[in-house]
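The questions below are meant for someone meeting this structure for the first time. Each answer works towards the value or name that was asked for.

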Amino acid sequence: MTDLAQVVKQTRAWACYDCGKCTATCPISRVTGTYSPRGMVLAAVLGRRDEIVHDAALYQCLTCRMCDRRCPAEVRYTDLVQKLRELAHRDGFEHECPHGGALLSTMRIMAAGTTRQARLGWLTDRFRTETTKGDVFYWTGCSMYYDAFFPQLDVKTLDGTRAAILLMNRAGIQPIVSPDERCCGHDLLWNGDRSNFELLARFNVKLVEDSGAKVLVTSCAECLRTWKIDYSPYFKGKPPRIVHFTELLGELMDRLKFKAEGRQKVTFQDPCRMGRHLGIYQPPRDVLAAVPGVEIVEMQRAEAVAVCCAGGTWSSCDWASKQIQVERLREAKATGAGILATACPKCQIHFRCTMKDHKRRQEIEMEIRDVAELAAAALA
């Protein structure tokens with residue numbers, strides 16, 4: 001069992017210079033003026049466990065890793081927050097999550113494995129897929145759940161999922177799309193519920209290992225981070241090659257034929273899990289650049305300094321998160337682009353939600369599409 005002293009050691013919190021660069025860099029600190037990563041580090045180093053686990057500020061952190069990138073002492077603040085949330089959960093502190101915790105409850109139901117899912121109702125005869133065995137396993141994530149949970153937001157994350165399968169089919173790949181797939185558990189892990197995360201990890205890893213897949217591909221940046229980093233201890237043998245769909249698509253572009261239908265300016269939102277967590281920036285841009293008629297225009301803050309969608313773990317959805325989203329959408333609109341391209345369904349959900357604000361809608365509303373959708377729409 002990990003205690004606070006071990007967490008401080010594991011995350012290098014003890015090495016803090018007290019320079020304040022983390023707080024100066026933090027998007028939440030900049031908006032609220034009160035949240036302080038440096039203060040959280042100090043409380044951990046001083047052993048103030050009770051103070052930490054009962055402080056709602058622990059769940060304000062976006063875990064975007066902006067501060068990790070700036071820290072001169074290499075304190076892993078994002079990992080510190082994740083481990084502190086585990087301690088809080090172990091102590092019985094249950095943070096009140098957005099949407100009544102419904103999404104986390106759904107994940108726990110999947111972790112228990114007592115309810116059979118009907119998760120492939122969106123698949124039609126248009127798509128060629130396998131269900132159990134194959135070389136390429138397409139990890140669909142929770143897109144079908146998101147679309148069901150957020151119809152009022154016009155969320156259409158399944159459109160990106162369908163587009164990815166269509167593109168693979170056109171390139172000669174018939175991927176596995178499993179009816180038994182469960183949530184990867186990303187949000188449970190980042191809200192401190194390691195026990196249910198581990199149930200999901202063990203089940204999902206065995207599911208993929210039994211399929212014989214050589215490649216696992218996903219369109220979700222959070223699933224990607226979970227499979228590449230957090231699932232690594234659960235593989236019995238060599239894991240498959242794990243890639244984001246835009247990485248695979250970049251390798252398949254020579255097999256696909258596209259048509260040009262006018263020009264469209266597109267700007268790209270770097271997901272935190274794909275960018276600062278995994279260092280993947282170029283593949284989605286390469287795909288967009290290869291689509292006829294697409295002109296990429298970058299936001300002022302892009303790649304390693306990109307501002308996140310401010311709500312990826314379902315741990316916080318408050319006025320500060322909304323302010324960050326509004327500012328990011330203003331930045332996207334300022335590029336002159338008509339389309340905001342994403343590579344993670346969570347980005348789409350949070351930006352669509354913010355665009356529903358009737359007071360600001362006119363200044364921030366723009367079309368949002370998955371990179372796969374833009375590529376599929378240009379197929380000849």
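Helices (H or I, at least four residues) and strands (E, at least two) are DSSP runs, numbered from the N terminus. This is a predicted model, in which local features need pLDDT of at least 70 and side-chain atom pairs count only at pLDDT 80 or more, while totals for chains, interfaces and linings use all residues. Residues are numbered from 1 along each chain as its sequence is written, and side-chain values use heavy atoms, with hydrogens and water left out.

Q: In which loop is Thr 335 found?
A: Helix 16 covers residues 319-334 and strand 6 covers residues 339-342. Thr 335 is found in the loop between helix 16 and strand 6.

Q: Which residues is Thr 335 in contact with, leaving aside its neighbours within four places in sequence?
A: Contact here means heavy atoms within 4.5 Å. The side chain of Thr 335 also reaches the backbone nitrogen of Ala 337 at 3.1 Å, but Ala 337 is among the neighbours within four places that this question leaves aside. The residues in contact with Thr 335 are then Thr 267, Val 297, Glu 298 and Met 299.

Q: Which strands are the edge strands of the open sheet?
A: Two strands pair if DSSP finds at least two bridges between them. The open sheet is formed by three strands in the order 1-2-3 with parallel pairing. Pairing on one side only is what marks the edge strands, strand 1 (136-139) and strand 3 (241-244).

Q: Which residue of strand 2 is the bridge partner of Trp 139?
A: Strand 1 and strand 2 (residues 215-218) pair in the parallel sense over four bridges. Within strand 2, Phe 137 has Leu 216 as its bridge partner, and Tyr 138 has Val 217. For Trp 139, the bridge partner is Thr 218.

Q: Are the residues of strand 2 that point either way buried or exposed?
A: Buried means under 20% relative accessible area and exposed over 50%, with partly exposed in between (1.4 Å probe, protein chains only). In a regular strand the side chains alternate between the two faces of the sheet. Val 215 and Val 217 point one way from strand 2, whereas Leu 216 and Thr 218 point the other way, and all are buried.

Q: At about what angle does helix 13 run to strand 3?
A: Axes are lines fitted to C-alpha atoms, for helices over the stretch in contact, and angles run from 0 to 180 degrees between N-to-C directions. Helix 13 (residues 221-230) is mostly covered, with eight of its ten residues buried. Helix 13 lies across strand 1, strand 2 and strand 3, and its angle to strand 3 is about 160°.

Q: Which helix gives the largest share of the largest nonpolar core?
A: A nonpolar core is a set of buried Ala, Val, Leu, Ile, Met, Phe, Trp, Tyr and Cys residues joined through side-chain atoms within 4.5 Å. The largest one has 96 residues, and those with the most contacts inside it are Trp 139, Leu 167, Met 168, Trp 227 and Tyr 231. The largest share of this core, seven residues, comes from helix 10 (residues 157-170).

Technical notes: Polar contact = N/O pair within 3.5 Å; in protein donor to acceptor, adjacent residues only side chain to side chain.
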